[in-house]
Amino acid sequence: MNIYYAPPSQINNGFAELLDQEAIHASKVMRAREGDSLTIVDGQGGRYEGTIGRITKQSVQVEITEREHIRRKSPQLMLGMGIIKKRDRLEFAIEKAIELGAARICLFRSERTIKENVRMDRLESIAISAMKQSLQSYLCEIDLFYSLDEMLDTIQADNLLVAHEKVEASGGKIDFESVRSSHQNLLLVGPEGGFSSEEIDDVVNRGASLVSLGSNRLRAETAAVAFLSQFLTQF
Ligand code: SAM
């Protein structure tokens with residue numbers, strides 16, 4: 001099953017318009033033709049079935065035949081991730097985090113961030129493909145913060161879990177009940193250099209729980225995947 005993305009601004013009066021990469025994907029890659037049926041999501045919970053009315057060089061116009069609103073999953077999981085130096089590793093982490101259900105991703109510069117190499121335009125298009133690939137209806141919001149403190153002051157999460165490799169596996173278990181009863185859970189993973197001890201003190205003072213992901217030291221992007229995977233079958 002293939003789904004396509006059109007933001008709400010491209011859905012009006014019973015018609016949706018696919019533009020740019022989405023139009024190319026439908027007409028050139030998938031070879032859709034006038035009269036074919038397809039499914040569109042608007043990234044905000046809207047899901048539409050429709051029939052292609054017209055294909056031009058720039059767009060695919062779709063007459064909507066059915067619509068529904070998908071409710072957001074609860075509890076929400078957000079991933080806060082220290083910026084990783086290698087762009088391909090960062091992009092891998094973003095793609096997998098979205099497939100695994102992250103509703104929002106907050107990238108932050110931390111004390112041990114080595115180099116910033118973030119192309120937000122690329123991340124936004126990865127977010128669209130990952131949403132479509134995993135058949136979700138909400139587009140993951142991706143934000144960039146200049147420090148861990150700025151991120152924590154801005155994101156008003158009601159539960160903060162921090163993956164920290166220096167926590168004993170036996171003592172750093174996830175309290176799933178607290179995650180279930182929180183509306184917004186923020187899961188933090190450090191950059192390749194890890195969190196500094198000051199950053200760990202800071203998050204603990206803010207009420208964070210430190211979580212172990214086992215006794216192996218994982219790369220940051222592996223840690224993000226391992227962290228989010230813990231919740232796949234919980235809710
Ligand atoms: N530079 C650190 C060191 O040498 O000890 C390792 C940092 S690790 C590559 C990057 C991030 O992944 C950490 O800050 C942590 O958030 C997460 N992480 C890696 N392995 C982990 C584990 N076993 N348990 C919990 N978190 C882990």
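Helices and strands here are DSSP runs, numbered from the N terminus, with at least four residues for a helix and at least two for a strand. By that count, Pro75 falls in the loop between S6 and S7. The model is a predicted one. The peptide bond that leads from Ser74 into Pro75 is cis, and its omega is near 0°.

Take the mixed sheet now. Six strands build it, in the order S1-S4-S5-S6-S3-S2. The sheet is open, and its pairing is mixed. Strand S1 (3–5) and strand S2 (11–12) stand at the edges. Each has a single partner strand, so one side of each is left without a neighbour in the sheet.

Move inward to S4 and S5. Strand S4 covers residues 37–41, and strand S5 covers residues 46–55. They pair in the antiparallel sense over five bridges. Two pairs of residues help to set the register. Ser37 stands opposite Thr51 in S5. Val41 stands opposite Arg47 in S5. The hairpin of S4 and S5 has four residues between the strands. In this hairpin, Gly43 takes a positive phi near 80°.

S5 also pairs with S6. This pairing is antiparallel too and runs over nine bridges. Gly50 of this pair stands opposite Ile64 in S6. S5 and S6 form a hairpin, with three residues between them.

Helix H1 packs on this mixed sheet. It touches S1, strand S3 (15–19), S5 and strand S6 (59–69). The direction of H1 makes about 95° with that of S3. The helix spans residues 20–29.

Look at the residues in and after H1. Asp20 lies in helix H1. Its phi is positive, about 50°, although Asp20 is not a glycine. Is Asp20 buried or exposed? Asp20 counts as exposed, because its relative accessibility is 59% and the cut-off for exposed is over 50%. Val29 lies in H1 as well. At 54% relative accessibility, Val29 also passes as exposed. Together with Ile24 and Met30, Val29 makes a nonpolar surface patch of about 250 Å².

Arg31 follows in the loop between H1 and S4. Its phi is near 55°, a positive value in a residue other than glycine. Arg31 is exposed, with a relative accessible area of 60%.

Now the parallel sheet. Six strands form it, in the order S9-S8-S7-S11-S10-S12. This sheet is open, and its pairing is parallel. Which strands stand at the edges? They are strand S9 (141–145) and strand S12 (209–211). Each has a single partner strand, so one side of each lacks a neighbour in the sheet. Neighbouring strands of this sheet are turned by 25° against each other on average, direction ignored.

One pair inside this sheet is S10 and S11. Strand S10 holds residues 159–163, and strand S11 holds residues 184–189. They pair in the parallel sense over four bridges. The bridge partner of Val162 is Leu188 in S11.

Helices lie across the strands here. Helix H2 (residues 87–99) lies across strand S7 (76–82), S8 and S9. H2 runs at about 155° to S8. Helix H3 lies across S8 and S9, at about 155° to S9. H3 also reaches the mixed sheet. There it lies across S1 and S4 and runs at about 150° to S1. H3 thus has a place against strands of the parallel sheet and against strands of the mixed sheet.

Two loop residues complete the tour. Ser110 sits in the loop between strand S8 (104–108) and helix H3 (120–133). Is Ser110 buried or exposed? Ser110 is buried, because its relative accessible area is 9% and buried means under 20%. Leaving out residues up to four places away in sequence, Ser110 touches Pro191 and Glu199.

Glu168 is found in the loop between S10 and helix H5 (176–180). Glu168 is exposed, with a relative accessible area of 60%. Its C-alpha atom is separated from that of Phe227 by 16 Å. Along the chain, Glu168 and Phe227 are 59 residues apart.

Terms used:
Residues numbered from 1 in each chain as written. Predicted model: local features only at pLDDT ≥ 70, side-chain atom pairs only at ≥ 80, totals over all residues. Heavy atoms only, no water. Patch = residues over 30% accessible without salt bridge, like charges linked within 9 Å, V, L, I, M, F, W, Y side chains within 5 Å. Areas by Shrake-Rupley, 256 points an atom, 1.4 Å probe, with all protein chains shown as cover. Salt bridge = Lys/Arg side-chain N within 4 Å of Asp/Glu carboxyl O. Buried < 20%, exposed > 50% of the residue type's maximum accessible area, 1.4 Å probe, protein only. Contact = heavy atoms within 4.5 Å. Pairing = 2+ DSSP bridges. Axes fitted to C-alpha atoms, helices over the stretch in contact; angles between N-to-C directions.
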